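Biologist: I would like to go through the charged contacts and one of the pockets of this protein with you, step by step. Could you put the model up before we begin?

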Amino acid sequence: MNDAAMGAALPPATPEPFDPRAFVRGLTTAPGVYRMFDAEGGILYVGKAASLKKRVGSYFSKQHAPRIAMMVARIARIETTVTRTASEALILENQLIKALKPRFNILMRDDKSYPYVLLTQEAWPRLAYHRGARGQPGRYFGPYTGSLAVRETMDLMFKLFRLRSCEDSVFRNRTRPCLQHQIGRCSAPCVGLVAAPDYADAVRRVGLFLDGRSDDVVRELGQSMESASAALEFERAAGLRDQIAAIRKVQARQYVDGDRPDLDVLACVQQAGVAVVLVLSFRDGVNLGTASHPLRIDRDVAEGEILEAFITQHYAARKPPREMVLSHALDDPETLEAALAEQAGHAVEIKASVRGDRARYLEMAVRNAHLALATEQATRASKQARLDDLQQLLGLPAPPQRIECFDISHTMGEATVASNVVFGPEGAQTAHYRRFNITGVEPGDDYAAMRQALTRRFKRGVEEGVLPDLLLIDGGMGQLRQALEVLEELAVQGVAVIGVAKGEARKAGEERLVFPDGRELRPGAASPGLQLVQQARDEAHRFAITGHRKRRAKARDTSRLEDIPGVGPRRRQALLKHFGGLKGLKDAGIEEIARADGVSAALASRIYAFLHGLPEEGGSGAPI
């Protein structure tokens, strides 16, 4: 018998059971990260260790709380990665937690981006509010705890240093100063009312101020004021004097009792499976406000463990302060301090026992954390009540954990877009929203559009194994039937499907819930379950309309320029790039259009006339 035949005759090998003691004996005492898996290969937990042998061995050598004991009982495999230092292990642990999302780790509920102040890198830099990926060239100051803190900071910068805030398309096409200049918030570089060196000085001072070096700014302005006085430039000296006074006033109002800390105060509170970490931030003594972070936890997790997990994830994408004050002590603050210091480029001190001002800050943070926890619990209770009521309303076996709603939007059949929004126990899951540009159907055929969107969504859902518990369709029996046929064709089972039809007067609260068997239900405006359905339907409607308007505007803008004789695809792209979009082009005069590459005076006149609905021969008399 050959080897292949022998192999085919043997039964499949049974994997040997996991022997934790033998596994631990073979581990190194070096620092690293360990990953625990169950029998199906699912990730249970990711942890870091200063000594892998000691840390992993502790799971199998002593009694644990019920949560840990349940996890240990499910361990079928452990993988380890050795690192050079405990700090590297901390960084790797954070990356793996974010990538793998293990069941037994503490996870931040959302990873929303924080707002920044952006100082652009241009010939005439502008100051802007920024949130999201930092892809635009320039300096980013922050992150700030909320948009209000950013707006207040920018308002102060405009008053003190008078940088521009306008978009480039506006800046390039100004012919006279705007209202911001008239009210003293912009030096009007767009029309040459400020010299380039003076504007560059203002930009540099904004950078110093936002870096927390306001005293350096005051010192520099004082020297400039003395030089202006010595040169008998008394008007300029008076302006610098007023600027110094304004900065001193800000310092007197915002700096904390002469102490100018660079610190975050973190308070953790939890109750009944809900935890909140509240962060109170100070930078250069300026109070940047508070931000609360709800967390997903198990009931028996200690507050110190929650804070350690939060700090690891929270400061992975933002520069840590020099000092942190915590409401609960950590088991190993030294390792965390070393990792944060390596990331920040300066020493980071973590304290849990403080006095004086810091004790008052901590007391304020704890008080605000309790308020945030009460709000979070009330919100969660309200959301769960709506899910429970919806379960009873529709006769579902359990409260739905994933609700999807579809809607169609178009204008007389033009630029049809379908929306797919997702709701869960925590509310709207915006990261899972999807839009579908509908093509190849008869304009205005909503049934065909709905069928196409549902087919595309559920084909992918079957492949990826991500399906809703409840599918809401905006419309009556006709729309509902399209959904039922698509699910039947794709052999999708276990998805409850309901149509949401408007009432006779199209009034909120009078909606009819249409079942596949033809039954209709009118729960009334007081029904919590119907309120959840209304929220999902309204969100689907908003998301569809937004997508439709963008698609329609893009199609119309493109087609409008293509309709002009002499403007082909390449020239159209050049024009839109030169003026920053169609709006900038429409705001330009004939002479400005003629300055664009490849545009003659005659073509500029045709473009202007076409965009403004004028006869071509009348274009030359239009205002420039």
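Biologist: How many salt bridges does a search of the whole structure find?

Modeller: Please keep in mind that this is a predicted model, in which side-chain atom pairs count only at pLDDT 80 or more. In general, side chains of opposite charge can pair when their charged atoms come close. Searched as a whole, the structure gives a total of salt bridges that stands at 23.

Biologist: Which residue forms a salt bridge with Lys-48, and is that partner buried or exposed?

Modeller: Lys-48 lies in strand E2 and its partner in helix H12, 260 residues apart, and so the pair links distant parts of the chain. The closest N and O atoms of the two are 2.5 Å apart. Lys-48 has a relative accessible area of 19% and is buried, because the cut-off for that class is under 20%. The partner has 15% relative accessibility and therefore falls in that class too, which gives the answer: Glu-308, buried.

Biologist: Which element gives the most to the lining of the second largest pocket?

Modeller: The second largest pocket holds about 990 Å³ of space and is lined by 37 residues, with Lys-48 and Glu-308 among those nearest its centre. Elements that give two or more residues to this lining include strand E2 (43-49), helix H3 (52-58) and helix H12 (303-314). With 6 residues, the element that gives the most is H12.

Biologist: How many charged residues does the lining of the second largest pocket have?

Modeller: Among the residues nearest the centre of this pocket are Arg-55 and Asp-331, and both of these residue types count as charged. Sorted by class, the lining has 17 nonpolar and 9 polar residues, while the number of charged ones is 11.

Biologist: Which residue forms a salt bridge with Glu-79?

Modeller: Glu-79 sits in strand E3 (residues 77-82), and its partner sits in strand E1 (residues 32-37), 44 residues away in the chain. Glu-79 counts as partly exposed at 30% relative accessibility, whereas the partner is buried at 12%. The closest N and O atoms are 3.3 Å apart, and the partner is Arg-35.

Biologist: What is the relative accessible area of Glu-489, which forms a salt bridge with Arg-451?

Modeller: Arg-451 lies in helix H15 and Glu-489 in helix H16, so their pairing ties together parts that are 38 residues apart in sequence. Arg-451 is partly exposed, at 23%. Glu-489 is exposed, and its relative accessible area is 56%.

Technical notes: Residues numbered from 1 in each chain as written. Predicted model: local features only at pLDDT ≥ 70, side-chain atom pairs only at ≥ 80, totals over all residues. Heavy atoms only, no water. 1 Å grid on protein atoms, 1.4 Å probe; cavity = no way out; pocket = protein on both sides within 12 Å on 5 of 7 lines; lining within 4 Å. Points joined across faces, edges and corners; volume = space filled by probe spheres on them. Helix = DSSP H or I, 4+ residues; strand = E, 2+ residues; numbered from the N terminus. Salt bridge = Lys/Arg side-chain N within 4 Å of Asp/Glu carboxyl O. Buried < 20%, exposed > 50% of the residue type's maximum accessible area, 1.4 Å probe, protein only.
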